[in-house]
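The following report is meant to be read alongside the sequence and the coordinates. It moves from one surface position to the metal site, the core and a helix.

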Amino acid sequence: MSRREFSKKVKRDAFVRAAGHCEGPGCGAKLSLGKFAYDHVNPDGLTGEPTLENCAVLCDPCHKEKTKNDVADIARAKRREDAHRGIRPPPQIKSAGFRPGSPRRRATTPIDKLKIGYRPHGRD
Ligand SMILES: [Zn+2]
């Protein structure tokens, strides 16, 4: 699914409707040049259409917050849709792992202390 941006007309009409203020719920901050965005109320990644009704003029903080929530909503919707279509994540193949290695050999033969006359206490 490709992203469907708002047309210039939709953006112009939305800007007029916003009358210079953020349309985020309970925000109403004054919009300043380059510090706002035209947001899909119903995310484009879901079923959002690029229409005036689905367009909100948001200040940057509102847009950032909204986008964060949208990303989570879209991911959740995709997982649900996949489950509905019987698409599941591939099973995790669990490796048996490596067998424990054999004891390491040395390049030189270790000196056997018993052979050179060392006798620890309590041993013979
Ligand atoms: Zn705002």
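Ala-19 counts as exposed because its relative accessibility is 55%, and over 50% is the range taken as exposed. In this predicted model, Ala-19 belongs to the loop that runs between helix H1 (8-18) and strand E1 (36-40). Although 38 residues separate Ala-19 from Val-57 in sequence, their C-alpha atoms are 9.7 Å apart in space.

The loop between H1 and E1 also holds Cys-22, which, in contrast to the exposed Ala-19, is buried, because its relative accessible area is 6% and the cut-off for buried is under 20%.

| Residue | Relative accessible area | Class |
|---|---|---|
| Ala-19 | 55% | exposed |
| Cys-22 | 6% | buried |

**Zinc site**

Which atoms coordinate the zinc ion? The donors are the SG atoms of Cys-22, Cys-27, Cys-59 and Cys-62, at 2.2 to 2.3 Å. In sequence, these donor residues follow the spacing C-x4-C-x31-C-x2-C. Since Cys-22 lies in the loop between H1 and E1 whereas Cys-62 lies in helix H2, this pair ties together parts that are 40 residues apart in sequence. The angles among the four donor atoms run from 105 to 116 degrees, and the site is tetrahedral; for comparison, the ideal angle for four tetrahedral donors is 109.5 degrees.

**Nonpolar core**

The largest nonpolar core has 13 residues, and those that touch the most other members are Cys-22, Leu-31, Cys-55, Val-57, Leu-58, Cys-59 and Cys-62. H1 and strand E2 (55-59) each supply at least two residues of this core, and the largest share, five residues, comes from E2. Leu-58, one of the residues that touch the most other members, has contacts beyond its neighbours within four places in sequence with Cys-22, Glu-23, Gly-24, Leu-31, Phe-36, Ala-37, Asp-39, His-63 and Lys-66.

**Helix H2**

Helix H2 comprises residues 60-84, 25 residues in total, and reaches 36 Å from its first C-alpha to its last, which is close to the 36 Å expected at 1.5 Å a residue. Its buried residues are Cys-62, Asp-70 and Ile-74, and what covers them includes E1 and E2. Cys-62 thus appears in three settings: among the buried residues of H2, among the zinc donors and among the core residues that touch the most other members. Just after H2, Gly-86 adopts a positive phi of about 75 degrees.

Terms used. Residues are numbered from 1 along each chain as its sequence is written. This is a predicted model: local features need pLDDT of at least 70, side-chain atom pairs count only at pLDDT 80 or more; totals for chains, interfaces and linings use all residues. Side-chain values use heavy atoms; hydrogens and water are left out. Helices (H or I, at least four residues) and strands (E, at least two) are DSSP runs, numbered from the N terminus. Buried means under 20% relative accessible area, exposed over 50%, partly exposed in between (1.4 Å probe, protein chains only). A nonpolar core is a set of buried Ala, Val, Leu, Ile, Met, Phe, Trp, Tyr and Cys residues joined through side-chain atoms within 4.5 Å. Contact means heavy atoms within 4.5 Å. The expected span of a helix is 1.5 Å times one less than its number of residues. Donors are N, O and S atoms within 2.8 Å of the metal (3.2 Å for Na, K and Ca); water is not among the atoms, so sites may look incomplete. Four donors count as tetrahedral if all angles lie between 85 and 135 degrees; four count as square planar and six as octahedral if opposite donors are over 155 degrees apart and all others between 65 and 115; anything else is irregular.
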